[in-house]
Amino acid sequence: MSDVFDKCRSWKDYRIAKAAGLYPYFRSIEASHGATEVEIEGRRVIMVGSNNYLGLSADPRVKEAAVRAVEKFGTTCSGSRLLNGTLALHEELEARLAKFLNRESALVISTGFQTNLALSAILGRHDIVFSDRQNHASLVDGIRLGFATERKYRHNDLEHLEQLLAAAEPNAGKIIVTDGVFSMEGDLCNLPRLVELAKRYNARLMTDDAHSMGVLGTHGRGVSEYFGLEAETDLVMGTFSKSFASLGGVLAGPFEVINYMRHKARPVIFSASMTPASVAAALKSLEIIEAEPERRARLLDIAEKMHNGFRAMGFDTGVSVTPVVPVHIGDQVKCFRFWKALHEAGVFANPVIPPAVEAGHALIRTSYMATHTDAQLDQVLDTFEKIGRRLNVIPETRPTVYE
Ligand code: PMP
């Protein structure tokens, strides 16, 4: 007779990684020093493994806003938005976000993950969703929870997408869903071509702007602003756990669609609303994102510095143009060894292995904050260079660059 717990007992990966001293997950952070450095096992390490892109989690104004909200409203709303969990603060955040994102309406939801799950509310039995194979897990699950048929296209392969669109039932409701910036490798979706295809095949278009809101576009409105295609993108999703230094997510788009989701999406109506502290922190961060574009400029300068720095050493950083800078390693075990050496040398970065990336494409994901200092960044580069040489990821000497 089988037991549903059997799979847990026979799961070896965890034990093997632990025994080899190569287990990189759930590292416990004991203290934070301005977010760019944290303490682990009593040691200070430079944090280049966080999505706190603008460094606002350590901003005194954001912290104070969160504290004030707790004092005014307490620690939780203890209920869903639909019933007792809507504060004036939630409504203020929604109104401000709708204005910021140039959309008729915005809906805030308790986490970014749940925000993508809420997409399921509009995916009916006769609809078809076209989804990039590398879309974030929360989009994958949001689609799975809906009733629509799913058609996955190869990552950023829009010829493949077009074939799928052309083969689909012409009268079915259609929506194309894509990450704006892909979370593991930092590459962008090809929005201009997606818009073209959406128009040609009468499909709606949604972007997940988790990694681009607050980061890309002149005003930080994300990937559609970056490409100058805001009006052509029907639905936009964002999270507050990254540039907004908080926890929660937002869906923005036409009033009727957002209003329908507000009343029908199960992650909204059956889950407690964002806490007062989270809403207040997101609101204050939004204010700072609007008022201080220099943070975005600094972040993008840092991203360029790191890309160039890694490439000059001979590392492969792929096609990212964002503050997510992947350092490709390839082999999974080597990736874990690289991670461990970084950890011991005082750099916190994340190893990424399948299924988050394809087999044989393991990488160290680094990501930056506008508040990193040049000294910290140079130390990170220096550490990567030493380890990369030692582990034969890069050549013994720097490659010659021909101008
Ligand atoms: N979408 C993307 C592209 C993400 O990378 C993430 C989280 N890393 C999410 C959605 C979920 O957001 P959250 O962690 O804020 O719940």
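Two exercises with worked solutions follow, on a helix pair and on the domains of a predicted model.

Residues are numbered from 1 along each chain as its sequence is written. Because the model is predicted, local features need pLDDT of at least 70 and side-chain atom pairs count only at pLDDT 80 or more, while totals for chains, interfaces and linings use all residues.

**Exercise 1.** Describe how helix α4 and helix α12 are placed relative to each other.

*Solution.* Begin with the axes (lines fitted to C-alpha atoms, for helices over the stretch in contact, with angles from 0 to 180 degrees between N-to-C directions): those of α4 (residues 88-100) and α12 (residues 276-291) come within 10 Å and cross at roughly 30 degrees. Helices here are DSSP runs of H or I with at least four residues, and strands are runs of E with at least two, numbered from the N terminus. The crossing angle therefore makes α4 roughly parallel to α12, a term that applies to angles under 35 degrees.

Next, list the contact (C-beta atoms, placed from the backbone, within 7 Å): α4 contributes residues including Leu89, Leu93 and Phe100, and α12 residues including Val279, Leu283 and Glu290.

**Exercise 2.** State how the protein is divided into domains and which element gives the most to the side of domain 1 that touches domain 2.

*Solution.* The bounds, which come from an automatic or database domain assignment, give domain 1 (20-49 + 293-390) and domain 2 (60-291). Their centres, taken over C-alpha atoms, are separated by 27 Å, and 15 residues of domain 1 are in contact with 10 residues of domain 2. On the domain 1 side, α13 (293-313) and β11 (324-330) each supply at least two residues, and β11 gives the most, with three.

Notes
Angles under 35 degrees count as roughly parallel, over 145 as roughly antiparallel, 65 to 115 as roughly perpendicular and the rest as oblique. Two residues are in contact if their C-beta atoms, placed from the backbone, lie within 7 Å.
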